[in-house]
Amino acid sequence: MENKQRIIQELVPGRQITLAHIIANPDSVLYEKLGLNPSVEAVRSAIGVLTVSPAETAIIMADIGIKASGAALGFVDRFSGSVILTGTISEVEASLQAILDYVAHTLGYSTCPITRT
C-alpha cells in the first residue's frame, strides 16, 4: 500500500499584490479564451493581469487602472482578486504602475515588480 500525502492549502489574506504581468502582443485566441472580444481588442496590443489579496481591492485597482491611462477594463473579480486590463503596451504599463503606486503608498500593501512576456 502506497503512503498518500495529504496537502492542505490555505490562503492567508494579506495586503499584497501577488502578480502584475503584461502580455505584449497576445494572440487573438487568448482574447477569446479570456472572454474578451478579439474584434474589439484587435487594436489593443497588450493584456495586463493582476492578482491581489484581499480580493475586494480588485474593485479599487480596476478603477485606478482605467483612470490612469487609455487602458480598458477586460475583467474584474472581487471574489478572486483578479483584474485584467487591455490596451497598448504603454497604456497597460501606465495603468499597472499607477495601481502598484497607489496600493503601496496609500493602502500600505506589499507589491511585486511588473513582469512582461
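In this predicted model, the contact between helices α3 and α4 is formed by T57, I60, M61, I64, G65 and A68 on the α3 side, which meet A94, S95, A98, I99, Y102 and V103 of α4. Sorted by class, this contact comprises 9 nonpolar and 3 polar residues, and no charged residues take part.

The geometry of the pair can be followed from the helix axes. Helix α3 spans residues 57-68 and helix α4 spans residues 89-105; their axes lie 8 Å apart and enclose an angle of about 130°. An angle over 145 degrees would count as roughly antiparallel, and one of 65 to 115 degrees as roughly perpendicular; α3 and α4 are therefore oblique to each other. The crossing of α3 past α4 is right-handed.

These two helices belong to a chain with 4 helices and 5 strands. Read from the N terminus, the elements follow the order β-α-α-β-α-β-β-α-β. In this order, α3 is followed by two strands before α4 is reached, and one further strand comes after α4.

The chain as a whole may be described by its contacts and its surface. Among contacts with a separation of 6 or more, 64% join residues that are 24 or more positions apart. Of the 117 residues in the chain, 32% are buried. The exposed area of the chain amounts to about 7,100 Å², and carbon and sulfur atoms supply 54% of that area.

Notes: Residues numbered from 1 in each chain as written. Predicted model: local features only at pLDDT ≥ 70, side-chain atom pairs only at ≥ 80, totals over all residues. Heavy atoms only, no water. Axes fitted to C-alpha atoms, helices over the stretch in contact; angles between N-to-C directions. Parallel < 35°, antiparallel > 145°, perpendicular 65-115°, else oblique. Left-handed = near helix turned anticlockwise from the far one by under 90°. Contact = heavy atoms within 4.5 Å. Nonpolar A, V, L, I, M, F, W, Y, C, P; charged D, E, K, R; others polar. Buried < 20%, exposed > 50% of the residue type's maximum accessible area, 1.4 Å probe, protein only. Areas by Shrake-Rupley, 256 points an atom, 1.4 Å probe, with all protein chains shown as cover.
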